[in-house]
Amino acid sequence: RKLRALQEVGLPGFVELLARWRRPRQAFPVRVAQLKAWVKANGGRLPKLDADDEEERFLAGFLRKQQNYYAGGRMPQECWQALAAIPGVQARLEGSVRATPRRDFSQTAAKLEA
């Protein structure tokens, strides 16, 4: 009841803040598991940002953020491997951003020494 009253006041940004409170940040493996389950439940289709379903939009946003990390070379190898295990995600990461996953420092150093 109190939250509804606050929403009705129309404070700028309150609706967005409330949405974040209702969906707190989760660890990366939790989000990957959610994405994997969603893809499986939806016949292998990846979520879309312009979907009507809130969960689909949320997971599409998560995937978009991972694409940005990947494209910027900021995605650790273990994160890339976890995402690449989901059908369609590896192609999305590699195809849409045309980048390669970030190598571990030790891999890069070993390559330079060779």
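I took two aromatic rings of Phe, Tyr or Trp as a pair if their centres lie within 6.5 Å.

**Entry 1. Aromatic pairs**

I worked throughout on a predicted model. Applying the ring criterion, I obtained a count of one aromatic pair. Its members are Phe28 and Phe62, with ring centres 5.9 Å apart and planes at 45°, so I recorded the pair as tilted. Planes under 30 degrees apart would have counted as stacked and those over 60 as edge-to-face. I noted that the pair links distant parts of the chain: Phe28 belongs to helix H3 (residues 28-41) and Phe62 to helix H4, 34 residues apart.

I then looked up the accessibility of both rings' residues. Phe28 has a relative accessibility of 22% and therefore counts as partly exposed. Phe62, at 11%, counts as buried. The cut-off I used for buried is under 20%.

**Entry 2. The chain as a whole**

Which secondary-structure elements does the protein chain contain? I found seven helices and zero strands. Read from the N terminus, the order is α-α-α-α-α-α-α. Of the 114 residues in the protein chain, 24% are buried. I also checked contacts with a separation of 6 or more: 50% of them in the protein chain come from residues 24 or more positions apart.

**Entry 3. Helix H4**

I examined H4 next, since Phe62 lies in this helix. H4 covers residues 54-71, 18 residues in number. From its first C-alpha to its last it reaches 26 Å, close to the 26 Å expected at 1.5 Å a residue. I listed its buried residues as Glu56, Leu59, Ala60, Phe62, Leu63, Gln66, Gln67 and Tyr70. Viewed down the axis of H4, these buried residues fall within an arc of 155°, so they line one face of the helix.

At the N-terminal end of H4 I found a cap: a side-chain oxygen of Asp53 lies 3.3 Å from the backbone nitrogen of Glu55. After H4 comes Gly73, for which I read a positive phi, near 70°.

I also looked at Gly61, another residue placed in H4. At 31% relative accessibility, Gly61 counts as partly exposed. Its C-alpha lies 10.0 Å from that of Asp50, and the two residues are eleven apart in sequence.

**Entry 4. The nonpolar core**

Which residues have the most contacts inside the largest nonpolar core? I found Leu35, Leu83, Ile86 and Val89 in a core of 17 residues. The elements that give two or more residues to this core are H3, H4, helix H5 (77-84) and helix H6 (89-97).

I followed Val89 further. Setting aside neighbours within four places in sequence, I found Val89 in contact with Leu35, Leu46, Leu63 and Leu83. Leu63 is one of the buried residues of H4, and Leu83 is buried in H5.

**Entry 5. Helix H5**

I closed with H5, where Cys79, Trp80, Leu83 and Ala84 are buried. They cover an arc of only 130° around the axis, which puts them on the same side of H5.

Is Ala84 buried or exposed? At 19% relative accessibility, I entered Ala84 as buried, the limit being under 20%. I measured no value experimentally; the C-alpha atoms of Ala84 and Glu94 are separated by 9.8 Å in the model, the residues being ten apart along the chain.

Notes
Residues are numbered from 1 along each chain as its sequence is written. This is a predicted model: local features need pLDDT of at least 70, side-chain atom pairs count only at pLDDT 80 or more; totals for chains, interfaces and linings use all residues. Side-chain values use heavy atoms; hydrogens and water are left out. Helices (H or I, at least four residues) and strands (E, at least two) are DSSP runs, numbered from the N terminus. The expected span of a helix is 1.5 Å times one less than its number of residues. Buried means under 20% relative accessible area, exposed over 50%, partly exposed in between (1.4 Å probe, protein chains only). The arc is that of the directions from the helix axis to the C-beta atoms. A polar contact is a pair of N or O atoms within 3.5 Å; within protein, one must be able to donate a hydrogen and the other to accept it, and residues adjacent in sequence count only if both atoms are side-chain atoms. Rings of Phe, Tyr and Trp (its six-membered ring) pair if their centres lie within 6.5 Å; planes under 30 degrees apart count as stacked, over 60 as edge-to-face and the rest as tilted. A nonpolar core is a set of buried Ala, Val, Leu, Ile, Met, Phe, Trp, Tyr and Cys residues joined through side-chain atoms within 4.5 Å. Contact means heavy atoms within 4.5 Å.
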